[in-house]
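Good morning, colleagues. Please take a moment to look at the sequence and the structure on the screen, and then I shall begin in the middle of the fold and work outwards.

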Amino acid sequence: MNTFRKTERLCGRNNLQTLYREGHKFVVWPLRVTWSKNHSDPQTAVLVWAPKSLFKRAVKRNLLKRRIREAYRLNKQTIEDKGWHIAFNYMDKTVQPYAVIERAVQKAVRKLTQT
RNA sequence: ACAGCGGGGCGGCCUGUCGCCCGCUUCGGCGGGAGGAAAGUCCGGGCAACACAGAGCACCAUACCGGCUAACGGCCGGCAGGCAGUAAUGUUUGGUCCCUGGAACAGCGACGAUUGGCGUCCUUCAGCGCAGGAGAGGCAUGCAAGUGAACCGCCCUGCGUGGACGAUGAAACGGCUACACUAUGGGUUGCAAUCCCGAGUAAACCGGCGUUUGAGGGUGGCUCGCCCGAGCCGGAGGGUAGGGAGCGUAAGAACGGCGCAGUAAUGUGUCCGCCAAGAUUAAUGACAGGCACGCAGACCCUGUCUGCGCACAGAACCCGGCUUAUAGCCCCGCUGCGUUC
RNA sequence: GGAGAGAUGGGUGAGUGGCUUAAACCAACAGUUUGCUAAACUGUCGUACUCGUAAGGGUACCGGGGGUUCGAAUCCCCCUUUCUCCG
C-alpha cells in the first residue's frame, strides 16, 4: 500500500546526528539526499525538511515538505523494507511544482537502488 | 449614476482516485480536522511556581470629562484648541506647580526679553580695529653717499564699529520642556512555567566556607519581615537527550439569533439554536475534472467562446484588545465644491 | 513556543536631544624618506543632488517609513534584517 505512517519517519536526536555525521550524500536538483544503510530495523525511515534560511514563511516550507513526502509515498516500493535512513532536504530558492519534485525523487530512488 | 467619507461582512464550492493526524470501535468501519489575521509578541487577563505574596523605598506605566469591561496603554460618548478637506470626515494635542529650576550656540527673558550675528539704506567728527597705498622720518645696513624685503609711528583711501528699516528666530490671542507634585495601577518569572515516571553516571577526586555563636537558599533593584536550613561554593571530570500530565475541556469572563435597557461601547433573559483541531522532524495534502467570481479579447452581441488570474497566509496552554499583511467582492449610512442625467 | 540584544564611511567602532569639523583605529590613495621595498612621518579619503570656469561652497543621508520637538543618529510607533539565551 502507498501509505506513510509515523514508523516511516526518522526522528530522534541521535539518529539525525549519526546520519549527518556518517552518512553518504548526493544531489538530485532541487534535492540533497543523505543516506546510510545497515540498520537493525527493517523499516526504512525518512526525514524531510526545507530550510528556514531559504523560505521565511512557514506556509512555503510546509508546502514543500508535503510535496516531497507525497512523491516519496508514491515511489517508495522498491526500498521500503531495506532498513535505510534517508534525509531529503530542499535546496532551491524558488518553490518548484510537484512534477519537478516527483521526477527528482524518482531519480533519487533509482540511484539508491543501484548503490 | 459617478466620485468620495465612515461602518460592517465574506475570504470560494462540488466530484473522483491515492494518502495524513486525533478519538471511538463489535476491527468491518464511523466521526472530527487551520485563520481573519492562526503573524508581530505591543498591552491586558486566566493558569502555574515561588509564602494562596507581607511592609517601606526606588523604578515603570497611564493622565481633558464621563461611561463600558474580568482587566487594559483597549472600546464608546462628549468638551476645547491646532492642521487637512467644498463637505461627509480624518488627524493631532489636553492633570498640577514653577513667587521654587532650566531655557542650546554669546547675552537677556513670564519680576514679561526683542540685543549680538544676517541683508539694505543713511552717517562717517573723533577714537579704535582690519586691508591697501604713498613717500619722508625712526630704525636697519654702510666709512660715507645711498639702499630698504621685513619692523615702528605719521599721512591718505575703503570697510567695520553708530543710526533706521527688514527678514530670520519657538517668540505676547501668552512658546517649549526635565525634575518634582497629585491620582490610579503594577510582587517576579513564564507552559522550554510546573509536576510525575523511566533510563544512565561517580554516594568518587582536589581546594575553600559552615553545622544553632547559622554557611547557604526561597528573593527579584535595595532594606526589612517571614519561611526552609546541613550542607554550600569553586576546580577538573562523568552520564542523559526518552515518555506522561499540564494539553483540548460537557462547560464557558463562550458564540449566533430574538426580546428588553442604553445615544453607544455594553449589559441582561424560566426564550431558541449551537458544542468545538490537538500535532511534537510537528497532521489538515497530491493529482485530475467541473462550477462560481474577476480581467482581457473575439463573435453569429442582452449571451456564447478563448486565454489568463483567483490574495495574505498555517494552530502549538487558552482568552480580550492593538498593530501589521491581504486578490476579488457584498451590504448599510452619510457628503458633493464648479461631476453627469 | 517564549525571553532579550543589535544595525553608524570600504572594515572595526564611539557618540543617548543642541552646528559632532559624523570622534578614533584599520584599510586605501598621494607625498617625504630609500638604490628599491618595508617600517616611520605628513596630508587626503563616504554617497546623492545642486551652485561655481576653478579653488571651493550648500542641502540631504547614521537599516527603511511615520510621529513628538524650535531642533532627532539619540525619544516613541510600525516594518526589514542579524545575533544570543531557555529544558
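Strand β4 is mostly covered, with six of its six residues buried. The model before you is a predicted one, and buried here stands for a relative accessible area under 20%. How do the residues of β4 point? H85, A87 and N89 point one way from the strand, whereas I86, F88 and Y90 point the other way, and all of them are buried. This agrees with a general pattern: in a regular strand the side chains alternate between the two faces of the sheet.

Let me turn to the partners of β4. On one side there is β2, which runs antiparallel to β4 and is joined to it by six bridges. Within this pairing, F88 of β4 stands opposite V33, and N89 of β4 is the bridge partner of R32. Strand β2 is itself largely enclosed by the rest of the structure, because five of its six residues are buried.

The other partner is β3. Strands β3 and β4, residues 45-49 and 85-90, pair in the parallel sense over five bridges. The chain passes from β3 through helix α2, residues 58-74, to β4, and this β-α-β crossover is left-handed. Two facing pairs may help you to place the strands on the screen: V46 stands opposite I86 in β4, and W49 stands opposite N89 in β4. N89 has thus appeared twice, as the partner of R32 and as the residue opposite W49. As for burial, β3 is mostly covered, with four of its five residues buried.

One strand remains to be introduced. Strands β1 and β2, the latter at residues 31-36, pair in the antiparallel sense over five bridges. A hairpin through two residues joins β1 to β2. Across this pair, K25 stands opposite T34 in β2, and V27 stands opposite R32 in β2. R32 therefore serves as a useful landmark, if I may put the two statements together: V27 stands opposite R32, and in β4 the bridge partner of R32 is N89.

We can now assemble the sheet. In what order do its four strands lie? The sheet is open, its order is β1-β2-β4-β3, and the pairing is mixed. The edge strands are β1, at residues 24-28, and β3, each of which pairs on one side only. Direction ignored, neighbouring strands of this sheet are turned by 15 degrees against each other on average.

Helices pack on this sheet. Helix α2 touches β2, β3 and β4, and its direction makes about 150 degrees with that of β3. Helix α3, at residues 98-114, also packs on the sheet; it touches β1, β2 and β4, and its direction makes about 145 degrees with that of β1.

Stepping back to the whole chain, chain A comes to three helices and four strands. From the N terminus on, its elements run α-β-β-β-α-β-α. Its radius of gyration is 13 Å, close to the 13 Å that the globule rule gives for 115 residues, so the chain is as compact as a globular protein of that length. Along the principal axes, the C-alpha trace spans about 35 × 30 × 25 Å. Buried residues make up 40% of the 115 residues. Among contacts between residues at least 6 apart in sequence, 80% join residues at least 24 apart.

I should also like to point to one loop residue, Q77. Where is Q77 placed? Q77 lies in the loop between α2 and β4. Is Q77 buried or partly exposed? At 44% relative accessibility, Q77 counts as partly exposed. Q77 and V28 are 49 residues apart in sequence and 19 Å apart in space, C-alpha to C-alpha.

Finally, a word on confidence. Chain A averages a pLDDT of 81, and 93% of the residues score at least 70. The model scores ipTM 0.77 and pTM 0.72.

Key
Residues numbered from 1 in each chain as written. Chains lettered and ligands numbered in written order. Heavy atoms only, no water. Buried < 20%, exposed > 50% of the residue type's maximum accessible area, 1.4 Å probe, protein only. Pairing = 2+ DSSP bridges. Right-handed = clockwise from strand over helix to strand, strands pointing away. Axes fitted to C-alpha atoms, helices over the stretch in contact; angles between N-to-C directions. Contact = heavy atoms within 4.5 Å. pLDDT = per-residue confidence, 0-100. Rg over C-alpha atoms; globule rule 2.2 N^0.38 Å.
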